[in-house]
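Reader: I've got a model open and I'd like to learn how to read its packing. Can you walk me through it?

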Amino acid sequence: SHVPVQVREGLVCAVAQLLFARDTAKVASLFGELMLLPPAKLDEPATRAALEAALARAASKLLDYPPGAALPEIRFDALVGEVAAIAPAFEFELPPYFLNNARALASLEGLARAADPTFSIVESIYPFALTTILAGDASPLMRRTLDDLATDPATGRLSVRKLRSLVDQLAALSRKPRLAVTLDVVRTRGGRRVIRRLARQALRGRGSAK
């Protein structure tokens, strides 16, 4: 079934916020774009706080971080159950494609792991999400998400540490040299915008980012 562009962008940004930033509050903020909750309901402080708490609990059950691993394993087999448990409390507007795609991912990962026990669907989804955000700079949501991922919330400045971590993860998952990934990032619209912002930040003499 057809997935609206707004929802596709929301899913990409949610993956990045959950796996790179590990920020379930930011994921909750995307439920309007995901068309799961009306924006007016999401703006209610009590609803927003309850949703953030519910997502944090669900993430603790669905994400398994193996020792030393940069990315978690997602228990897709439990995802549908967790969504079904949360949905009534918030009256989610669940379109058919949402649960159908979750079930399909669980089935595909199961089939892939039968052939290769080391296969991780997260390692396939995550680089796609990051590169899509970098390339999708024309979208306000993509720009906002990239800024969130690259900015130190304590200072409001670009964080070199975060940018380095993003490049390192892309290099590790794509099995490409770090320099090649850096050049790929710089060639994207989002990457060029970040570089320009970093240059302006340095020129303003506000000090180096962490």
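Author: Sure. Let's begin with helix pairs: axes here are lines fitted to C-alpha atoms over the stretch in contact, and angles run from 0 to 180 degrees between N-to-C directions. Keep in mind that this is a predicted model.

Reader: Okay, so at what angle do α7 and α8 pack, and how far apart are their axes?

Author: The general idea is that two packed helices are described by the angle between their axes and the distance between the axes. In this model α7 and α8 pack at about 115°, and their axes are 8 Å apart. Their crossing is left-handed.

Reader: Which residues meet there?

Author: From α7 you have L130, T132, I133 and L134, and they meet M142, T145, L146 and L149 of α8. By type, the residues of this contact are six nonpolar, two polar and no charged.

Reader: Now the core. Which residues have the most contacts inside the largest nonpolar core?

Author: Those are F31, L51, F92 and I133, in a core of 53 residues. Several helices each supply at least two of its residues, among them α1 (5-19), α4 (45-62) and α10 (178-187). The largest share, seven residues, comes from α7. Take F31 as a case: beyond its neighbours within four places in sequence, F31 is in contact with L36, L37, L42, L51, L55 and F92.

Reader: And T24 in α2: why does T24 count as buried?

Author: The cut-off for buried is under 20% relative accessible area. T24 counts as buried because its relative accessibility is 18%. Leaving out residues up to four places away in sequence, T24 touches L18, E52, L55, A56 and A59.

Technical notes: Residues numbered from 1 in each chain as written. Predicted model: local features only at pLDDT ≥ 70, side-chain atom pairs only at ≥ 80, totals over all residues. Heavy atoms only, no water. Core = buried A, V, L, I, M, F, W, Y, C linked by side-chain atoms within 4.5 Å. Buried < 20%, exposed > 50% of the residue type's maximum accessible area, 1.4 Å probe, protein only. Helix = DSSP H or I, 4+ residues; strand = E, 2+ residues; numbered from the N terminus. Contact = heavy atoms within 4.5 Å. Left-handed = near helix turned anticlockwise from the far one by under 90°. Nonpolar A, V, L, I, M, F, W, Y, C, P; charged D, E, K, R; others polar.
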